[in-house]
Amino acid sequence: MSLGAYLAVAAALFVLGLAMMIARRNLIYILMGIELILNAANLNFVAFSRHAANAGTEVALRGQVFALIVILLAVAEAAVALAIVLHVFRLFDSIRPEDPDLLRE
Amino acid sequence: MERIAFALFAAVALGGGLVALFHRSIVHSAFALMATFLGVSGLFVLLGADFLAVVQLLIYVGGILVLILFGLMLTRPDPAERKVRRVAFVLTAVAVPAALLVGKIAAAGRWAAEEGKLPEPQPAARELGLLFLLKDAYLIPFELAAFLLTVALVGAVYLARQTPPPPPPEEPR
């Protein structure tokens, strides 16, 4: 398979995540959209890592190293964001993203 | 053979994403997201990144998805969210990403037009581990990432623990 095919799949995943963040009015859907976007970025990193496979081991594995770090950041982000969602639900009895508006008053 | 596997994994990933986007029940969406993560993991295998594929399975399917399901269990979804949103809004939310998708795919196709097949993958798992342990490679980012993960998880536990509701904000002091 060529590099462009993987890039196209990654672009489609990114777009699905973006649409999920825009169209669904629920904080947990927004989290799921972020996970999809990070997955698409990881797919790009790994595809380019394979693209550079002839450039020596260290250079070729840079993309995979970066993808691992991104996965780790996604875990940290999901844990903290879900804790915040639980707190928002406890405070406002709703997880619609437009309901927390204490700063507007 | 590789073409068939690629088409299968890409279809699983994108189909799961589509179902997750358009399904009315958020629990079904979460399970459809599992298909997406499995498909991306298969694509990682095709790209020669075996270790990353296993990590993807363990962390996304075993960790983040379970976390999301627990988040669903501990909150109550908005009943109005189950209805399909206003038509114009949905059209905007689909049309803008669709335009972006066409642009990105065109750019990727033009960028990779002269590329033929990808080069053969190198065996990666052992070298990846060595890169994370060597001082002149990625040891410092590795340790920083471990520290960040510890801080984030402790902070998440602190945030999510049961606290009494704060007093109403307009209460006079």
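This report walks through a predicted model of two chains, with a look at chain A, its contact with chain B and the core they share.

## Chain A on its own

Let's start with the fold of chain A. It has three helices and zero strands, so the order of elements from the N terminus is simply α-α-α. The C-alpha trace spans about 60 × 25 × 20 Å along its principal axes. With a radius of gyration of 18 Å, well over the 13 Å that the globule rule gives for 105 residues, chain A is more spread out than a compact globule.

Burial and contact range add to this picture. Of the 105 residues in chain A, 51% count as buried. If you take the contacts within chain A between residues at least 6 apart in sequence, 50% of them join residues at least 24 apart.

## Where the chains meet

On to the interface: 64 residues of chain A are in contact with 73 residues of chain B. On the chain A side, α1 (3-23), α2 (27-51) and α3 (57-92) each supply at least two residues, and the largest share, 24 residues, comes from α3(A). Sorted by class, this side of chain A has 48 nonpolar, 11 polar and five charged residues.

## The α3–α3 pair

How do α3(A) and α3(B) lie relative to each other? Their axes come within 10 Å and cross at roughly 10 degrees. An angle under 35 degrees counts as roughly parallel, and the two helices are therefore roughly parallel to each other.

Residues of α3(A) that take part include Gln64(A), Leu68(A), Ile71(A), Val75(A), Leu82(A) and Leu86(A). From α3(B), the partners include Leu52(B), Gln56(B), Ile59(B), Gly63(B), Leu67(B) and Leu74(B). By class, this helix-to-helix contact has 16 nonpolar, four polar and no charged residues.

## The nonpolar core

The largest nonpolar core has 68 residues, and those touching the most other members are Ala10(A), Leu13(A), Met32(A), Leu43(A) and Leu43(B). Both chains contribute: α1, α2 and α3 of chain A each give two or more residues, as do α1 (2-22), α2 (26-46), α3 (50-74) and α6 (125-133) of chain B.

Leu13(A) is a nice residue to select in your viewer. Leaving aside residues up to four places away in sequence, Leu13(A) touches Leu36(A), Asn39(A), Ala40(A) and Leu43(A) in its own chain. Across in chain B, Leu13(A) touches Ala13(B), Leu14(B) and Gly17(B). One of these neighbours, Leu43(A), is also among the core residues that touch the most other members.

Key. Residues are numbered from 1 along each chain as its sequence is written. Chains are lettered from A and ligands numbered from 1 in the order in which they are written. This is a predicted model: local features need pLDDT of at least 70, side-chain atom pairs count only at pLDDT 80 or more; totals for chains, interfaces and linings use all residues. Two residues are in contact if their C-beta atoms, placed from the backbone, lie within 7 Å. Helices (H or I, at least four residues) and strands (E, at least two) are DSSP runs, numbered from the N terminus. Ala, Val, Leu, Ile, Met, Phe, Trp, Tyr, Cys and Pro count as nonpolar, Asp, Glu, Lys and Arg as charged, and the others, Gly among them, as polar. A nonpolar core is a set of buried Ala, Val, Leu, Ile, Met, Phe, Trp, Tyr and Cys residues joined through C-beta atoms within 7 Å. A residue is buried if 20 or more other C-beta atoms lie within 10 Å of its own, exposed if 12 or fewer, and partly exposed in between; C-beta atoms are placed from the backbone. Axes are lines fitted to C-alpha atoms, for helices over the stretch in contact, and angles run from 0 to 180 degrees between N-to-C directions. Angles under 35 degrees count as roughly parallel, over 145 as roughly antiparallel, 65 to 115 as roughly perpendicular and the rest as oblique. The radius of gyration is taken over C-alpha atoms; the globule rule is 2.2 Å times the number of residues to the power 0.38.
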